[in-house]
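Q: I have a structure open in front of me and would like to learn how to read it. Where do we begin?
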Amino acid sequence: MFILYHHGSSVCAAKVRLTFAEKGISWESRYVEILKGEQFEPDYLKINPNAVVPTLVHDGYVIIESTIIAEYINDLFDAPPLSAYRC
Ligand SMILES: N[C@@H](CCC(=O)N[C@@H](CS)C(=O)NCC(=O)O)C(=O)O
């Protein structure tokens, strides 16, 4: 299972959502209201000490940094092959 912590205004989070969409993979949303400061909540800082979105949790394994997340998804699923963009 993929759980994505993200926000609509985040280009970095959009990059991950686009990667999922291109691969046809479903994911569970955890919306982080970064404009209200939810990225600084102690529970969120435990998974992303940088206090930014996106964060991906895959089967309990936490991955941060949008490019790393996109490359991780790309590596897990062969088709279609994608290039990762840098934020
Ligand atoms: N290098 C990080 C950058 C992530 C980042 O800067 N995210 C912004 C939104 S695009 C954020 O969460 N900002 C929250 C804040 O500035 O408090 C990545 O690519 O994941």
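Q: How many residues surround the ligand, and which are the closest?
A: Note that this is a predicted model. To read a binding site, list the residues around the ligand before looking at single atoms. Here eleven residues surround the ligand, and the closest are Gln 39, Val 52, Val 53, Glu 65 and Ser 66.

Q: Which atoms of Val 53, Glu 65 and Ser 66 lie by the ligand?
A: For polar pairs, ask whether the protein atom belongs to the backbone or to a side chain. Val 53 uses a backbone N or O atom, 2.8 Å from an oxygen atom of the ligand. Glu 65 has a polar side-chain atom 2.7 Å from a nitrogen atom of the ligand. In Ser 66, a side-chain N or O atom is 2.6 Å from a ligand oxygen atom. The protein covers 66% of the 510 Å² of accessible area that the ligand has on its own.

Q: Which residues of α3 are buried?
A: For a helix, list the buried residues and then look down the axis. In α3 they are Ser 66, Thr 67, Ile 69, Ala 70, Ile 73 and Asn 74. Seen that way, they fall within an arc of 160°, so they line one face of the helix. These residues pack against α1, β3 and β4.

Q: Which residues make up the largest nonpolar core?
A: There are nine: Phe 2, Leu 4, Val 16, Phe 20, Ile 25, Leu 56, Ile 63, Ile 69 and Ile 73. β1, α1 and α3 each give two or more residues to this core.

Q: What does Ile 73 touch?
A: Leaving out residues up to four places away in sequence, Ile 73 touches Val 16, Thr 19, Phe 20, Lys 23 and Leu 56.

Definitions and conventions: Residues are numbered from 1 along each chain as its sequence is written. This is a predicted model: local features need pLDDT of at least 70, side-chain atom pairs count only at pLDDT 80 or more; totals for chains, interfaces and linings use all residues. Side-chain values use heavy atoms; hydrogens and water are left out. A nonpolar core is a set of buried Ala, Val, Leu, Ile, Met, Phe, Trp, Tyr and Cys residues joined through side-chain atoms within 4.5 Å. Buried means under 20% relative accessible area, exposed over 50%, partly exposed in between (1.4 Å probe, protein chains only). Helices (H or I, at least four residues) and strands (E, at least two) are DSSP runs, numbered from the N terminus. Contact means heavy atoms within 4.5 Å. The arc is that of the directions from the helix axis to the C-beta atoms. A residue is near a molecule or strand if one of its heavy atoms lies within 4 Å of it. A polar contact is a pair of N or O atoms within 3.5 Å; within protein, one must be able to donate a hydrogen and the other to accept it, and residues adjacent in sequence count only if both atoms are side-chain atoms. Accessible areas come from the Shrake-Rupley method with a 1.4 Å probe; for residues, only the protein chains shown count as cover.
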